[in-house]
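Hi everyone, thanks for making room for me this morning. I'd like to walk you through a structure I've been looking at, so please pull it up and follow along.

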Amino acid sequence: MHFKQLFEPDSSTYTYLLACAETSECVLIDPVLETVERDLAVINEMGLKLTCALETHIHADHITGARKLKALSGCKIAGPAMDELPCRDIGVREGEPFRVGGITLNPLYTPGHTDTHHAFLLEHGGLNLLFSGDALLIEACGRTDFQSGDARTL
């Protein structure tokens, strides 16, 4: 498995690249609009094929990145099924593993930052990684003052 953390400094947003070493298929978790070209360049330099942009939640800084990635690369857009977004190709649900090549991500319903927020747990070779979106940050928790946020739930 290949793993790369990508950072967008203006919004302090992290995007994560996960790639299957056997198939070269990859996923970007929470891509942002401003870094789509950079992220696609990284994917091309690594010789990977972007199969999916995976969203943890609906906020404009994320969904617009996924749509642009789809337009430029033909990848699919995945995210919480309960959002019922017409632009989503794949709806993810807690209890239903999400696979990209040989990588399996387990969706976890984690409301609070938004009412449909999901985190993704990766268990790979004894290593557990949680991609928490904007619900859990370094030394903080996510904001709840945007649309559909709820501090008590978070």
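Let's start with a charged pair: Lys 68 and Glu 37 form a salt bridge, and their closest N and O atoms are 2.7 Å apart. Please keep in mind that this is a predicted model. The pair ties together distant parts of the chain, since Lys 68 sits in helix H2, residues 60–73, while Glu 37 belongs to helix H1, and 31 residues separate them. Are these two partners buried or exposed? Lys 68 has a relative accessibility of 29%, so it counts as partly exposed. Glu 37 is partly exposed as well, at 44%. As a general reminder, side chains of opposite charge can pair when their charged atoms come close.

The total by this rule is five salt bridges. Another of them joins the side chains of Arg 38 and Asp 39, again at 2.7 Å from N to O. Here the two partners sit in different settings: Arg 38 is partly exposed at 31% relative accessible area, whereas Asp 39 is buried at 1%. For Asp 39, the cut-off that matters is that buried means under 20%. A further salt bridge links Arg 93 with Glu 96, with the closest N and O atoms 3.9 Å apart. Arg 93 is partly exposed at 43%, and so is Glu 96 at 41%.

Now, back to helix H1, which covers residues 36–45. Which of its residues are buried? They are Val 36, Asp 39, Leu 40, Val 42 and Ile 43. These residues span an arc of only 155 degrees around the axis, and therefore lie on the same side of H1. The general background is that an α-helix has 3.6 residues a turn, so residues three or four places apart point the same way. On the face turned away from that buried side, you'll find the exposed residues Asn 44 and Glu 45. After H1 comes Gly 47, with a positive phi near 70 degrees.

On to the sheet, then. Six strands make up an open sheet, in the order S1-S2-S3-S4-S5-S6, with mixed pairing. The edge positions go to S1 (2–8) and S6 (90–92); each has a single partner strand, so one side of each has no neighbour in the sheet. On average, neighbouring strands are turned by 25 degrees against each other, ignoring direction. H1 packs on this sheet and touches S1, S2 (13–19), S3 (25–29) and S4 (49–54), with its direction at about 160 degrees to that of S1.

What about S4 itself? Five of its six residues are buried, so S4 is largely enclosed by the rest of the structure. S3 and S4 run parallel and are joined by five bridges, with Val 27 standing opposite Cys 52 in S4. Together, S3, H1 and S4 make a right-handed β-α-β unit.

If you follow Cys 52 the other way, its bridge partner in S5 is Lys 76. S4 and S5 pair in the parallel sense over three bridges. From S5, residues 76–80, the pairing carries on to S6, parallel once more and over three bridges. There, Pro 80 has Val 92 in S6 as its bridge partner.

That's my tour, and I'm happy to take questions.

Note on methods. Residues numbered from 1 in each chain as written. Predicted model: local features only at pLDDT ≥ 70, side-chain atom pairs only at ≥ 80, totals over all residues. Heavy atoms only, no water. Buried < 20%, exposed > 50% of the residue type's maximum accessible area, 1.4 Å probe, protein only. Helix = DSSP H or I, 4+ residues; strand = E, 2+ residues; numbered from the N terminus. Arc of directions from axis to C-beta. Pairing = 2+ DSSP bridges. Axes fitted to C-alpha atoms, helices over the stretch in contact; angles between N-to-C directions. Contact = heavy atoms within 4.5 Å. Salt bridge = Lys/Arg side-chain N within 4 Å of Asp/Glu carboxyl O. Right-handed = clockwise from strand over helix to strand, strands pointing away.
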